[in-house]
Amino acid sequence: MIWNSQAECMGQREREAGQVESLRKLAEHVYKNVPFYKNKFDQMGVKPADIQSISDIVKLPFTSKDELRETYPYGLLAVDESELVEIHMSSGTTGTPVLEAYTQKDIDTWSEAMARCLTMAGVGKGDVIQNAYGYGLFTGGLGVHYGARAVGANLIPISGGNTQKQLQVMQDFNSTFLTCTPSYSLFIAEYARENGYDMSKMALRGGAFGAEPWTDDMRKEMEVQLHLKAYDIYGLTEITGPGVANECECQDGLHVQEDFFYPEIINPETGEPVADGEKGELVFTTLLKTGTPLIRYRTRDITTLSRGTCSCGRTTVKMHRLMGRTDDMLIIRGVNVFPTQIEEILVQLEETEPHYQIVVDRGQTHLDEIEVWVEIKEKFFFDETKGMEHLRTKIKGEMKSRLGINPIIKLVEPKTIERSIGKAKRVIDKRNL
Ligand code: DLL
């Protein structure tokens, strides 16, 4: 099933024609209504009329997360405040929140984007969606909610947490589709195992998991433990929330709703565009947004793009599963590592649980050191010391040969690492950089 086959399966040339028109209108809208953008356009000597083809987008200035924070709350608002119908925010780690203010038109676009995503993941009328993303200022809860309304599925707005109730509701109402963070889904599975719920007897068929980085190995783990097909869903508050991109039945890259959110990949150091297939920082322009539109917003997320017709029939550009964020990348004694690369190694091990934490600190020599805390499965934990030592050496060896790092491996008892009901905090950085 395809929600909007006209938009999702059209030829490249036709799509680009629509994108250019939207981009020109967007440039006019922000130039006229947002002094912040007018100043930036003027400084670069560019006018909305200079947009003649989609490749002209590179003439426009980037927008950064710092600029969003500096202009908080309404410095980027492009409509009268009375046009707004909803506000969302993400708090981040640095204090000042990042805002997304929606007009009714923006909510309609978001609903359509989410309807396309849910349909891609096989959801339709007759499905029962258990929505365990948080409701509130976070976009996860309401984003899925609007999409579910559009596709006509039955939605249970249970929000995150209260895991006992999640399982009771799942059983009583035969939920067929679960939406939550990947880390929370594994907590649900663990709780089920320990409290007499049999996941293989639940009606769940699929789930859309995102809001934090996860790997293909983590997907395998979730699919086995939860007895469902796990789809990756991507989005961010500043651009709209969830619904920017989603995996189809092929589970091989996320289709971007590129008629709404125009993606580019740039070299994060130079700002220059890179070729399709090359890794870099993802940049989005919100082609249709009216409330708080963004021009060439630097997401800090690292991925690649690939084009072509997918075997599902869609022609929309695909983004590869995220590697992480530029600001999540750890530089340990000169070696660059993403937490997801560490996850890949840990999740493949038979003896460990898919729960881990990375602690970065300055050692006594004032060089960066990392500790990787890994939970051992119950049945392996009571093994003799020799066995534990062997496992520690094995993990260390894998990290050294595959990633070039030499972490301290701390094997911890089952349940030591805090479970999250939303985004998991994988890295604790004690360096005060
Ligand atoms: O996390 C929106 C969302 C809700 C997406 C529900 C998917 C599902 P923020 O809180 O603003 O918004 O965080 C956005 O989370 O820039 C990525 O770094 C990360 N992220 C989101 N989805 C994924 C994903 C929501 N599928 C930030 N894989 C983004 C990896 C993701 N990272």
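User: What is the relative accessibility of Asn174?
Analyst: Asn174 sits in the loop between α7 and β5. Helices here are DSSP runs (H or I, at least four residues), as are strands (E, at least two), numbered from the N terminus. Buried means under 20% relative accessible area, exposed over 50%, and partly exposed in between (1.4 Å probe, protein chains only). Asn174 counts as partly exposed because its value is 47%.

User: What kind of model is this?
Analyst: Residues are numbered from 1 along each chain as its sequence is written, and side-chain values use heavy atoms, with hydrogens and water left out. Local features need pLDDT of at least 70, side-chain atom pairs count only at pLDDT 80 or more, and totals for chains, interfaces and linings use all residues; this is a predicted model.

User: What is the phi of Asn174?
Analyst: Asn174 is not a glycine. Its phi is nevertheless positive, at about 50°.

User: Ser159 also has a positive phi; is Ser159 buried or exposed?
Analyst: Ser159 is not a glycine either, and its phi is about 65°. It belongs to the loop between β4 and α7 (163-172). Its relative accessibility is 18%, so Ser159 counts as buried.

User: Which peptide bond is cis, with omega near 0°?
Analyst: Look at the loop between α4 (65-70) and β1 (84-90), which holds Pro73. The cis bond leads into this proline, from Tyr72 to Pro73.

User: Which element gives the largest share of the largest nonpolar core?
Analyst: A nonpolar core is a set of buried Ala, Val, Leu, Ile, Met, Phe, Trp, Tyr and Cys residues joined through side-chain atoms within 4.5 Å. The largest has 41 residues, and Tyr37, Phe41, Tyr234 and Met319 have the most contacts inside it. Elements giving two or more residues include α2 (12-33), α3 (35-44) and β7 (229-236). The largest share is six residues, and it comes from α2.

User: Which residues does Phe41 touch, leaving aside neighbours within four places in sequence?
Analyst: Contact means heavy atoms within 4.5 Å. By that rule, the partners of Phe41 are Ala27, Val30, Tyr31, Val46, Pro48, Leu60, Pro61 and Ile295.

User: How many residues does the other core have?
Analyst: This core lies apart from the largest one. Ile158, Leu186, Leu204 and Ala230 are among its members, and its size is 27 residues.

User: How much of the ligand does the protein bury?
Analyst: 21 residues surround the ligand (a heavy atom within 4 Å), and Asp232, Ile233, Thr237, Asp301 and Lys423 are the closest. A polar side-chain atom of Asp232 is 2.7 Å from a ligand nitrogen, while a polar side-chain atom of Asp301 is 2.7 Å from a ligand oxygen. Accessible areas come from the Shrake-Rupley method with a 1.4 Å probe; for residues, only the protein chains shown count as cover. Alone, the ligand exposes 610 Å², and the share buried by the protein is 94%.

User: Which strands stand at the edges of the open sheet?
Analyst: The sheet has nine strands in the order β4-β3-β5-β6-β7-β8-β9-β14-β13, with mixed pairing. Strands pair if DSSP finds at least two bridges between them. Each edge strand has a single partner, so one side of it has no neighbour in the sheet; these strands are β4 (154-156) and β13 (305-306).

User: Which residue of β12 is the bridge partner of Val283?
Analyst: Val283 belongs to β11, where Glu264 stands opposite it. All seven of the seven residues of β11 are buried, so this strand is largely enclosed by the rest of the structure. β11 runs antiparallel to β10 over six bridges, and also pairs in the antiparallel sense with β12 (residues 297-303) over four. In β12, the partner of Val283 is Arg298.

User: Which side chain makes a 2.7 Å polar contact with that of Thr215?
Analyst: Thr215 lies in the loop between β6 (206-210) and α9, and is buried at 3% relative accessible area. A polar contact is a pair of N or O atoms within 3.5 Å; within protein, one must be able to donate a hydrogen and the other to accept it, and residues adjacent in sequence count only if both atoms are side-chain atoms. Helix α10 (residues 339-347) has seven of its nine residues buried, so it is largely enclosed by the rest of the structure. One of those buried residues is Glu343, and the side chain joined to Thr215 is that of Glu343.
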